[in-house]
Amino acid sequence: MRFISTEIELDIPHREVVIGVRNRRPSEEGLAGRSLARVEFAAYARADAPERWIKVLADTPSARWLEKKTGNDAVCEVTSPRNSLDLALAGKGMALLPTFIGDRHEGLMRRGGTVTELGHERWIVTHQDDRHLPEVRRTIDRLSRVLGAPHG
C-alpha cells in the first residue's frame with residue numbers, strides 16, 4: 001500500500017490511484033463516491049501571535065482565497081499547508097486551516113468566524129469497478145470512520 005499526499009488531483013479513471021479524497025462529488029464517468037463530513041475553514045493563531053497571515057503557496061481554493069486576502073502582506077510563505085499549522089503553533093502568525101484541524105489544537109484559537117465561501121463537501125472517490133474489491137471496501141470503510149460521516 002502507498003499513501004500519497006498531494007494537492008494535485010490524480011487520475012482515478014486511469015488508475016493513477018485507487019482511492020482519492022476530493023473536495024467535491026465525483027462527476028467523471030465510472031467513478032463512485034461516498035460523502036464525508038463537510039469541511040469549513042477559519043483563521044487560527046496563538047493568543048500572542050501577530051495579526052499577519054502565514055500564506056500557503058498552492059493551487060487550492062483556500063490558498064487562492066488567502067492570496068486575494070493578503071497579497072504581498074504575509075508574515076511568511078510556505079509550500080505546504082502543514083507548515084502553516086506548525087508556524088501558527090509556534091506563534092508566528094495566523095493560519096487558514098480546516099476547522100477539524102484548528103479546533104483540535106489547544107494552543108490555537110479562532111480569529112473570527114468561518115470563511116463561508118471555502119466550505120465544501122468532502123468525498124472518498126474510487127473507480128466503480130474497484131469499489132467492491134474486499135481490500136478497497138475495507139480501506140474505504142476505515143477512511144470513512146476516520147474522516148467522518150456527514151453530520152446531519
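Begin by selecting Glu67, which counts as partly exposed at 37% relative accessibility. This is a predicted model, and the mean pLDDT of the protein chain is 89, with 93% of residues reaching 70 or more.

Next, add Lys55, whose side chain meets that of Glu67 in a salt bridge of 2.8 Å, N to O. Lys55 belongs to strand 4 and Glu67 to helix 1, so the pair ties together parts 12 residues apart in sequence. In contrast to its partner, Lys55 is buried, with a relative accessible area of 2%.

Remain with these two elements and select Trp53 and Trp65. Their ring centres lie 6.0 Å apart with planes at 80 degrees, so the pair is edge-to-face; a search of the whole structure finds 1 aromatic pair. Trp53 is in strand 4 (residues 53-56) and Trp65 in helix 1 (residues 61-70). Trp53 is buried at 10% relative accessibility, and Trp65 is buried at 18%.

Move then to Arg34 in strand 2 (residues 31-35) and Asp141 in helix 4 (residues 134-147); they are 107 residues apart in sequence, so their pairing ties distant parts of the chain together. The closest N and O atoms of this salt bridge are 3.0 Å apart. Arg34 is partly exposed at 29%, as is Asp141 at 26%. Add Arg137 to display a network of salt bridges linking Arg34, Arg137 and Asp141.

Select Glu40 and Arg38 for another salt bridge, at 2.7 Å, N to O. Glu40 is partly exposed at 21%, and Arg38 is partly exposed at 40%.

Finish at Arg122, whose charged end sits over the ring of Phe100, 4.6 Å from its centre.

Key
Residues are numbered from 1 along each chain as its sequence is written. Side-chain values use heavy atoms; hydrogens and water are left out. pLDDT is the predictor's confidence in each residue, from 0 to 100. Rings of Phe, Tyr and Trp (its six-membered ring) pair if their centres lie within 6.5 Å; planes under 30 degrees apart count as stacked, over 60 as edge-to-face and the rest as tilted. Helices (H or I, at least four residues) and strands (E, at least two) are DSSP runs, numbered from the N terminus. Buried means under 20% relative accessible area, exposed over 50%, partly exposed in between (1.4 Å probe, protein chains only). A charge sits over a ring if NZ of Lys or CZ of Arg is within 6 Å of the ring centre and within 35 degrees of the ring normal. A salt bridge is a side-chain nitrogen of Lys or Arg within 4 Å of a carboxyl oxygen of Asp or Glu.
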